[in-house]
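Okay, everyone settled? Let me put today's structure up on the screen, and then we'll walk through it together.

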Amino acid sequence: MGWVEKLLSIDRRIIFLLVGAGVIVPLLLPVNLPVTVTPRVQAAYDAIDALPPGSRVLISMDYEPEIMAELMPMSIAVLRHCFRKHIQVVAMTLYPAGTGLGEHALDVASRAEGAVRNRDFVWLGYKSGFQVVMIGIGENLRGMYPVDFYGTPLDSIPMMRGVNTYAQLSMMINLSGSSAADYWIQFAQGRYHAPIVLGCTAVMATDYYPYLSSRQVLGLIGGMKGAAEYERLIDVFGDGRRGMDAQSLVHLIVVLLVVVGNAALFATRGGPGAPAARPGEAPPR
Amino acid sequence: MLRSAPVDQALETRWFDPARLNVLIGILLFTAFLVVNILRAKANGALYVRPIAGLKALDEAIGRATEMGRPVLYVPGLSDMSEVGTFAAITILYRLAQRVAEMGCEIEVPCYDPVVATVIDGAARDAYSKAGRPDAFRPGCVHYVSAQQFAYVAAVNGFMLRERPAANVYMGSFYAESLLLAETGNTTGAIQIAGTDKVTQLPFFVCACDYTLLGEELFAASAYLGKEPVQLATIIAQDWAKALAAAAIVAALLLGALGHPQLAAWLRIA
Amino acid sequence: MRRVPLLVTFLSGAAIASLFFIPHHKAQAVNSKLLEWTLVVYAFALILGSLSLWMSHAKKVKKRAEGWPYSMVTLVALLAIPGLGIWKGVGAGSPVGMIYDTVNAPLASSMFALLAFVIASAAFRAFRARSAEATLLLLTAIIMMIGRVSIGELISANLPGITEWLLDVPNLAAKRAIAIGVGLGAVSTALKIILGIERSYLGRS
């Protein structure tokens, strides 16, 4: 077997090692690459920034530990922005394992911005059933959550006075790694007409572009890149921006691997004139 | 300032939402297309439906599994019974299980959702009976694994690496696990056929599988495999509806460009 | 008797579809109640799932099939974790909470993290310029991969703009086309089920 064939049938563990190194090295030796803000994240920022101080927003952090690397940085960034603008936050999660994560995000953001529980934010914790909870909030928030996560009755929390449906909330912000986002759009926006800003994983992001153009979603923060852009907009250096170096290097490694693979393919088949696969033909296994 | 519309559900007394008239008309038209085509199918018998490479390959996959004496792995997606994709996965499995029973090879169906597992178990038993081989059904071949996404992936990937199924069929609604499953299947050398209604996951399946059913082909698959005229009629009704949707989009665009945006506004779903 | 499930499917399907068009508060209260019923039915389904899991692994242990000790671990966990939950609760700091935080969460995160590695190996294998279409896909993938990260801007200031155009125009157009097909397919399947044309999910015999 010549070197070209060897290259084409490279052991995938070598690729894994390269990717692993591409993640670890920039985290140990950061270079802080610049981050450009895309229109979708700018729109999310602008929508939240336009809210006057004293407005109240609902933030649902619907994710579990496996995708916290993508969604935790944007949760902290959005919460910090809200606290900085003196926007009161009603926070919740639709995932049981999201309870600890939501609490952590609130803790980090409130410490950084000097926000106080029950004055600047309320943590409702977890409640099961996507549609039931979303419709429940539309009809009677207290029916769904008579008390907050810590057992304090909502009626005795000053910032919750007069808040009982979406109508008393200026915005719904969903940070989600699942189909929960579809349900929020369907119920909170579709049925109760609440303005929505969405944050999701990078893979999911393109699914929601049509909602942006139809203005059903006001802004979209996609993945760690989106979080890094939001961090730049609020001028903080968090995990999103820290992760951008690693993400850049890994993308570069993948591109180089693809280029090398194609160069090897041309070398074995004699260039672009090589026979092409027929439509419908299965790729080699 | 952005503000929610003052919607108070308790005061709502209308029995019909006129903003949803467009959806109602759309559904009524679709139902009419369905009825017309079913009547046509009953009158004429055969209806032509274009061949789908991925479905033709299912027979090849089962044949390969039979020759190699290895099982067929069927993954029915990671959704519950509220997803239409899951229903499509069950109906495809029904046809596939019949072929598996006829050919005399083994099938393994690990499930993510307990209700789906129960429904599939019933469908698979029935498929074996219909194929005339009820005794060949192996109790336990359809089983619940875990309702946790990555625990499920670990179990299915483990099965692939240990048992080396000859064919892996992924049908239904898939999420971030799609590439993890398909890449592992690829390393075992199995023939892989996938179909999903989740547009975001399609590129991953296209990259790692031999054949991929794109979006609506998943829903057409059951009718295509069954070859029953009434089932095929539903695919033709779907095509008529698609043609109507395309015509409506073009008309709305043209009228909008000419300064009449009413049709585009009417087509918007409230 | 075989018509009963079909009738239940037809009536519940037609009722829920109708509720989409009826905004009356009484109709919406019925809708909410139906959704709550779904939750209750699913809670019972978990018992079914646990029984299926128990039977599948108990059989392996009984037969001393290959890998039976792992099945034993599953069976012990299946009994111990709900038991601990009932005894000590499931909140933060409880034994179940600790098991979740220290075992389940890291394992699930690791599985998800594997995606980065398999995406790289799948890209290496799949993005080959075998035809004109494949070359187009390959070039687009390279532009997207470079243009979507910070390093892209350093290479060319135009790259982020090109990636945005690719996402907003060709990508969105293709996605919408597929989504319309998926939507119509889903409606067709739903109608087939409600009208009883498709019955294989019932186990027909």
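So, how many residues from chain C and from chain B does the contact take? It takes 49 from chain C and 58 from chain B. Keep in mind that what you're looking at is a predicted model.

Let's stay on the chain C side of that contact for a moment. Three helices of chain C each give at least two residues to the side that touches chain B: H2 (25-63), H4 (95-126) and H7 (159-194). Which of them brings the largest share? That's H7(C), with 16 residues. And if you sort the side of chain C that touches chain B by class, you get 30 nonpolar, 14 polar and five charged residues.

Now zoom out to chain C as a whole. Chain C has seven helices and zero strands, so to speak a plain run of α-α-α-α-α-α-α when you read along the sequence. Why do we call chain C more spread out than a compact globule? Because its radius of gyration is 26 Å, and the globule rule gives 17 Å for 205 residues, so chain C is well over that value. If you'd like dimensions, the C-alpha trace of chain C spans about 65 × 50 × 40 Å along its principal axes.

Two more numbers for chain C. Of its 205 residues, 27% count as buried. And if you take the contacts in chain C with a separation of 6 or more, 22% of them are between residues 24 or more positions apart.

Over to chain B, where we do find strands. Six of them form an open sheet, in the order E3-E2-E1-E4-E5-E6, and the pairing is parallel. Which strands stand at the edges? Those are E3 (142-144) and E6 (211-214) of chain B; each has a single partner strand, so one side of each is left without a neighbour in the sheet. Neighbouring strands are turned by 15° against each other on average, ignoring direction.

Let's look at one pair up close. Strand E2 (residues 107-111) of chain B pairs with E3(B) in the parallel sense, over three bridges. One residue you can find yourselves is B:Cys111, whose bridge partner in E3(B) is B:Tyr144.

Last stop: what packs on this sheet? Helix H5 (residues 149-163) of chain B does, touching strands E1 (72-75), E2 and E4 (167-172) of chain B. The direction of H5(B) makes about 160° with that of E2(B).

That's my tour, thanks for listening!

Notes
Residues numbered from 1 in each chain as written. Chains lettered and ligands numbered in written order. Predicted model: local features only at pLDDT ≥ 70, side-chain atom pairs only at ≥ 80, totals over all residues. Contact = placed C-beta atoms within 7 Å. Helix = DSSP H or I, 4+ residues; strand = E, 2+ residues; numbered from the N terminus. Nonpolar A, V, L, I, M, F, W, Y, C, P; charged D, E, K, R; others polar. Rg over C-alpha atoms; globule rule 2.2 N^0.38 Å. Buried ≥ 20, exposed ≤ 12 C-beta atoms within 10 Å, placed from the backbone. Pairing = 2+ DSSP bridges. Axes fitted to C-alpha atoms, helices over the stretch in contact; angles between N-to-C directions.
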